[in-house]
Amino acid sequence: MSALLSAHGVCFNRGGRQILDSISLSVEPSEVVTLIGPNGSGKTSLLRILLGLEQADAGRVARRPGLTVGYVPQRLTVEPTLPMTVLRFLSLPHRVSRAAAREALEETGVAHLERAQVHALSGGEFQRVLLARALLRRPDILVLDEPAQGIDFSGQLDLYQLIDRIRRQRGCSVLLVSHDLHLVMAATDRVICLNRHVCCSGEPEAVSRHPEYLALFGPRAAQALAIYHHDHDHHHDIAGEPVPLAGQTENGPATADQASREDRQV
Ligand SMILES: Nc1ncnc2c1ncn2[C@@H]1O[C@H](COP(=O)(O)OP(=O)(O)OP(=O)(O)O)[C@@H](O)[C@H]1O
């Protein structure tokens, strides 16, 4: 089995409602996969099922034997009345050496906060500490549920660049839930658009033109890829298969319209 994580026909019902309907997906080694979808579309539920924290009502989940996951959940509350430094927090529940903790904090750019109180951290600082905590497990895959929530735009950009750098340096996979279409569409290998069922999936460029994506997020969402840098001389269809650009010549764009479209992608 080459996939690190996979779901096959997963259904999930809670409170008398169907939350997930026949979901199939996989995450391959070194791949960045982003789950997008409106509020309540089942993204967190799907992550939790993939990680074995919730049980599917039907279907099957497979994890590669021995898989190590670094999970950053959507919410993690630390009791505000409990004094706890960042270093101590990183040693829960498993003790880690100070050197290892420091190295992880350096990697996420917050080594200067090792003695800070956790409850005094800003949202962006706390997310970086959570990321450091996930890295301490030396994960094969990072599973990040809305890691940039509550962070300002430039902080979000920094955080997604950091995630990209980490996965390049470590060669790990990333499975990400995000609402920040304009940022993640540019930095992901594959997008899965979820709304109880998988509406569409594939390379960002193909998904951004899919009618179900446009129906869910509106025509302006198509511009989420305006800054997407794509050097290929082809498009990809929804299945991810390469499709030549219409009118493409060996020397480049055949039409002014095509040239301007490619300019906008860079
Ligand atoms: N244990 C549960 N009992 C009842 N309803 C649940 C349970 N878990 C999830 N739900 C419901 O399932 C739906 C999907 O929730 P989920 O958190 O997976 O969505 P999401 O796509 O991650 O949403 P958001 O983008 O707002 O974080 C929601 O309507 C939620 O209320």
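In strand β5 of this predicted model, the residues face two ways: Val 69 and Tyr 71 point to one side, Gly 70 and Val 72 to the other, and all are buried. This fits a familiar pattern, since in a regular strand the side chains alternate between the two faces of the sheet. The neighbour of β5 is β6, and the two strands pair in the parallel sense over four bridges. Within this pairing, Gly 70 has Leu 142 of β6 as its bridge partner.

Both strands belong to an open sheet of six strands, arranged in the order β5-β6-β7-β3-β8-β9 with mixed pairing. The edges of this sheet are β5 (69–72) and β9 (197–202), each of which pairs on one side only. From one strand to the next, the twist averages 15 degrees. Helix α4 (residues 123–135) packs on the sheet, where it touches β5 and β6 (141–145), and its direction makes about 160 degrees with that of β5. Elsewhere in the order, strand β3 (residues 32–36) and strand β8 (residues 190–195) pair in the parallel sense, again over four bridges. Here Leu 35 stands opposite Ile 192 in β8.

A second region to explore is an open sheet of three strands, in the order β2-β1-β4, with antiparallel pairing. Its edge strands are β2 and β4 (58–63), each pairing on one side only. The twist in this sheet averages 20 degrees from one strand to the next. Strand β1 (residues 5–14) and β4 are joined in the antiparallel sense over five bridges, and His 8 stands opposite Arg 60 in β4. As background, strands of a sheet pair through backbone hydrogen bonds, either parallel or antiparallel.

Helix α1 connects several parts of this picture. The helix lies across β1, β2 and β4, running at about 125 degrees to β1. Six of the eight residues of α1 are buried, so the helix is largely enclosed by the rest of the structure. These buried residues are Lys 43, Ser 45, Leu 46, Leu 47, Ile 49 and Leu 50. Just after α1, Gly 52 takes a positive phi of about 80 degrees.

Helix α1 (residues 43–50) also supplies the largest share of the shell around the ligand, with three residues. The full set of residues surrounding the ligand is Arg 14, Gly 15, Ile 19, Gly 37, Asn 39, Gly 40, Ser 41, Gly 42, Lys 43, Thr 44, Ser 45 and Gln 74. By character, the shell divides into one nonpolar, nine polar and two charged residues.

A few backbone details deserve a closer look. Most residues other than glycine have a negative phi, and most peptide bonds are trans. Against this background, a cis peptide bond joins Leu 92 and Pro 93, with omega of about 0 degrees. Pro 93 lies in the loop between α2 (86–90) and α3 (98–107). Ser 30, which is not a glycine, has a positive phi of about 65 degrees and sits in the loop between β2 (17–27) and β3. With 16 other C-beta atoms within 10 Å, Ser 30 is partly exposed, because a residue needs 20 or more such atoms to be buried and 12 or fewer to be exposed. Glu 146 also has a positive phi, near 50 degrees, and is found in the loop between β6 and α5 (153–170). Glu 146 counts as partly exposed, having 19 C-beta neighbours inside 10 Å.

Another partly exposed residue is Leu 214, with 16 other C-beta atoms within 10 Å. Leu 214 is found in helix α8 (residues 211–217). Leaving aside neighbours within four places in sequence, Leu 214 is in contact with Pro 219, Ala 221 and Ala 222.

Finally, the protein as a whole can be summarised. Its secondary structure comes to nine helices and 11 strands. Buried residues make up 35% of the 266 residues in the protein. Among contacts between residues at least 6 apart in sequence, 63% join residues at least 24 apart. The unreviewed UniProt entry places the feature "domain: ABC transporter" at residues 5–220. This span is 32% helix and 27% strand, and its end C-alpha atoms lie 32 Å apart.

Note on methods: Residues are numbered from 1 along each chain as its sequence is written. This is a predicted model: local features need pLDDT of at least 70, side-chain atom pairs count only at pLDDT 80 or more; totals for chains, interfaces and linings use all residues. UniProt positions are given in the numbering used here, feature names are shortened, and annotations may be inferred rather than shown by experiment. A residue is near a molecule or strand if its C-beta atom, placed from the backbone, lies within 6 Å of it. Ala, Val, Leu, Ile, Met, Phe, Trp, Tyr, Cys and Pro count as nonpolar, Asp, Glu, Lys and Arg as charged, and the others, Gly among them, as polar. Two residues are in contact if their C-beta atoms, placed from the backbone, lie within 7 Å. Two strands pair if DSSP finds at least two bridges between them. Axes are lines fitted to C-alpha atoms, for helices over the stretch in contact, and angles run from 0 to 180 degrees between N-to-C directions.
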